[in-house]
Amino acid sequence: MATAFVPQKQDRAQDAEFKAALHGKNSTSKTGFVAAISKNADAQKAAVTEYFKHWDNKRPSTETEEDKKTRLEEYATLTKHYYNLVTDFYEYGWGTSFHFSRFYNGEAFKQSIARHEHYLALKMGLTAGMKVLDVGCGVGGPAQEICRFADCNVTGLNNNDYQVERANYYAKRLGLADKLNFVKGDFMQMDFEPETFDAVYAIEATVHAPVLEGVYGEIYKVLKPGGTFGVYEWVMTDNYDESIPLHREVCYGIEIGDGIPKMYKVEVAEQALKNVGFEIVHQEDLAARKDDIPWYYPLSGEWKYCRSIGDLVTIFRTSWLGRQVTMKSVGLLEKLHLAPAGSQKVTEALEEAAVNLVLGAKLGLFTPMMLFVAKKPL
């Protein structure tokens with residue numbers, strides 16, 4: 001039986017006003033690092049306060065049950081402000097597809113990212129003309145790639161106004177506006193009519209759900225009978241034991257640095273899919289494959305795997321060294337009042353995430369690519 005959960009109340013007019021205050025009326029005129037340090041100081045302060053109130057002066061050993069409960073109840077605000085704070089840093093370091101991927105020998109970073117998206121489309125059986133929903137679409141990088149790969153029509157759903165605006169801007173700039181559309185919405189309470197889409201996918205996004213049955217149930221509702229749902233899910237593996245302090249510290253570091261109300265184990269995700277009515281036709285932890293190149297190498301900064309000049313630039317930005325340069329540069333600009341207050345604090349949270357993502361992977365506690373492909377019965 002699905003877990004009962006009341007979605008957070010929405011105020012879209014207020015969200016739109018906040019986006020305009022934070023980024024200005026023309027929020028597509030800047031990108032990456034420049035955009036990150038150009039935000040309105042007062043709005044940035046508000047976003048930092050709203051996000052970090054869930055984490056300041058708290059650690060796994062000191063957080064209370066009320067702290068955990070509040071993060072779940074305020075999932076939408078928590079996630080929305082997380083992406084208000086980090087989207088520009090993500091684009092600066094990673095590009096427009098905010099996800100990890102496996103690597104083959106000789107494969108460049110961007111090629112790997114695209115192949116990871118193609119693989120999901122292939123496993124789902126996406127074909128020309130299909131009406132597809134991307135749940136938690138970011139700034140639209142995966143939707144662009146999947147649209148071109150499968151020749152399908154993709155609607156992206158996102159609770160962050162800034163990302164929605166950027167995604168539609170990129171679609172128009174790339175000449176894909178007739179096949180791509182990005183809309184504002186909470187995936188725990190979708191506005192689409194039931195049985196609207198032929199297929200639905202989510203790439204490392206539904207981890208932001210406070211209760212997995214909630215988002216999976218909404219996906220089930222808007223999917224046509226016989227339709228397919230494919231997801232790369234962030235989960236803690238079967239090796240994870242919350243009673244072990246190191247395990248909980250790793251999990252907590254991932255949560256605080258990635259805007260996640262609560263990480264769940266793989267068994268919870270699997271059962272949640274079944275609870276809402278899905279039939280799982282394929283599941284595999286792609287991170288468990290015996291690859292020569294680890295999926296986390298861009299974070300651990302293993303330069304020997306770089307295959308192009310572009311790789312060197314990307315891996316420098318995402319590696320420990322590059323992250324330290326970014327963090328110290330942002331801190332200096334903040335002291336000189338050339339970046340809004342709280343900017344360095346955001347980079348510090350991202351650093352905590354990076355360290356614990358790598359540690360979690362090396363200890364076998366975490367995967368960002370638990371692949372489920374599920375069907376809605378006819």
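This briefing covers an annotated domain, its sheet, and one helix with a buried residue. The model is predicted. An unreviewed UniProt entry lists residues 82–377 as "domain: SAM-dependent methyltransferase Erg6/SMT-type".

**Domain**
- Over residues 82–377, helix makes up 46% of the chain and strand 18%.
- The C-alpha atoms at the two ends of residues 82–377 are 36 Å apart.

**Sheet**
- Seven strands form an open sheet with mixed pairing, in the order E3-E2-E1-E4-E5-E7-E6.
- Strand E3 (180–184) and strand E6 (279–285) stand at the edges of the sheet; each has a single partner strand, so one side of each has no neighbour in the sheet.
- On average, neighbouring strands of this sheet are turned by 20° against each other, with direction ignored.
- Strand E4 (residues 197–203) and strand E5 (residues 223–236) run parallel and are joined by six bridges.
- Phe-197 has Leu-223 in E5 as its bridge partner.

**Helix H7 and Gln-144**
- Helix H7 (residues 141–150) lies across four strands of the model: strand E1 (131–135), strand E2 (153–158), E3 and E4.
- The helix runs at about 135° to E4.
- Gln-144 is a residue of helix H7.
- Gln-144 has a relative accessible area of 7%, and buried means under 20%, so Gln-144 counts as buried.
- Leaving out residues up to four places away in sequence, Gln-144 touches Val-139, Tyr-170, Leu-174, Leu-176 and Leu-180.

Notes
Residues are numbered from 1 along each chain as its sequence is written. This is a predicted model: local features need pLDDT of at least 70, side-chain atom pairs count only at pLDDT 80 or more; totals for chains, interfaces and linings use all residues. Side-chain values use heavy atoms; hydrogens and water are left out. UniProt positions are given in the numbering used here, feature names are shortened, and annotations may be inferred rather than shown by experiment. Two strands pair if DSSP finds at least two bridges between them. Axes are lines fitted to C-alpha atoms, for helices over the stretch in contact, and angles run from 0 to 180 degrees between N-to-C directions. Contact means heavy atoms within 4.5 Å. Buried means under 20% relative accessible area, exposed over 50%, partly exposed in between (1.4 Å probe, protein chains only).
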